[in-house]
Amino acid sequence: MTYRKAEIGASAGLILLAIFGWFQVDHLPADALMFPGVLLAVIAALSVWMLLRALRGTAPHLTNQAAAEWQFAISRERMLGGFALLAGYLVIVPFLGFFTTSLIFVMLVAWVAGYRHLRNLVLTSVGFCLFVYLIFVALFDRPLPKELLLTLFSSAS
């Protein structure tokens with residue numbers, strides 16, 4: 001697969017993802033829809049621009065030597081492992097909750113990508129979950145689905 005074909009496929013995939021995402025959030029109230037709606041619109045607009053540049057073949061990065069030597073995936077096993085983890089994440093998040101699943105997911109994706117420093121993996125995962133908590137729960141007051149472990153411990157007492 002050439003770099004140009006991969007860029008066309010990626011941009012078309014992002015456009016489809018933005019359209020699919022819109023159907024997932026269009027039922028939200030106006031104030032809750034604003035952030036994901038703007039984000040999806042920006043993704044769609046930039047993806048259309050990327051697609052048009054790739055179709056015309058005029059982008060400088062499509063004509064250089066690096067593009068001629070480019071490979072889609074350095075490791076097919078790692079790429080497939082990443083997609084499998086993403087599919088598992090989407091299936092498991094409703095049961096375990098966003099933070100528990102994300103904590104595990106970030107560490108596993110990094111592990112599949114070849115990072116083996118456990119302390120850094122844990123710190124990165126905790127930092128990501130803390131960042132998401134501060135933005136969505138603390139700042140925007142948008143609670144995420146309840147965590148299974150917190151629900152089990154709170155109902156036991």
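The largest pocket of this predicted model is lined by 32 residues. Nearest its centre lie Val-25, Pro-36, Phe-98, Phe-136 and Leu-144. The space inside comes to about 1200 Å³. Several helices build the lining. Those that give two or more residues to it are α1, α2, α4 (76–96), α5 (98–112) and α6. Helix α2 supplies the largest share, with 8 residues. What is the chemical character of the lining, nonpolar, polar or charged? It divides into 27 nonpolar residues, 3 polar ones and 2 charged ones.

How is empty space of this kind found? Rolling a probe the size of a water molecule over the atoms shows where such space is left.

Now step back to the whole fold. The protein has 7 helices and 0 strands. Read along the sequence, the pattern is α-α-α-α-α-α-α. Of the 157 residues in the protein, 21% are buried.

Turn next to the outer surface. A nonpolar patch of about 780 Å² sits there. Its members are Leu-14, Leu-17, Phe-20, Phe-35, Leu-39, Ile-43, Leu-139 and Phe-140. Two elements give two or more residues to this patch: α1 (3–25) and α2 (30–56). Both helices also give two or more residues to the lining of the largest pocket.

Take Phe-35 from the patch. Phe-35 lies in helix α2. Is it partly exposed or buried? Its relative accessibility is 44%, so Phe-35 counts as partly exposed. The class runs from 20% to 50%, because buried means under 20% and exposed means over 50%.

The same cut-offs sort two further residues. Phe-83 lies in helix α4. Its relative accessible area is 52%, so Phe-83 is exposed. That value falls on the exposed side because the class begins over 50%. Where does Phe-83 stand relative to Val-109? The two are 26 residues apart in sequence. In space they are 9.4 Å apart, C-alpha to C-alpha.

Val-122 is the other case. This residue is found in helix α6, which covers residues 118–139. Val-122 has a relative accessible area of 36%, so it is partly exposed. Follow the chain back to Leu-103, and the sequence separation is 19 residues. Measured is not the word for a predicted model, but the computed C-alpha to C-alpha distance between Val-122 and Leu-103 is 8.1 Å.

How values were computed
Residues numbered from 1 in each chain as written. Predicted model: local features only at pLDDT ≥ 70, side-chain atom pairs only at ≥ 80, totals over all residues. Heavy atoms only, no water. Helix = DSSP H or I, 4+ residues; strand = E, 2+ residues; numbered from the N terminus. Buried < 20%, exposed > 50% of the residue type's maximum accessible area, 1.4 Å probe, protein only. Patch = residues over 30% accessible without salt bridge, like charges linked within 9 Å, V, L, I, M, F, W, Y side chains within 5 Å. Areas by Shrake-Rupley, 256 points an atom, 1.4 Å probe, with all protein chains shown as cover. Salt bridge = Lys/Arg side-chain N within 4 Å of Asp/Glu carboxyl O. 1 Å grid on protein atoms, 1.4 Å probe; cavity = no way out; pocket = protein on both sides within 12 Å on 5 of 7 lines; lining within 4 Å. Points joined across faces, edges and corners; volume = space filled by probe spheres on them. Nonpolar A, V, L, I, M, F, W, Y, C, P; charged D, E, K, R; others polar.
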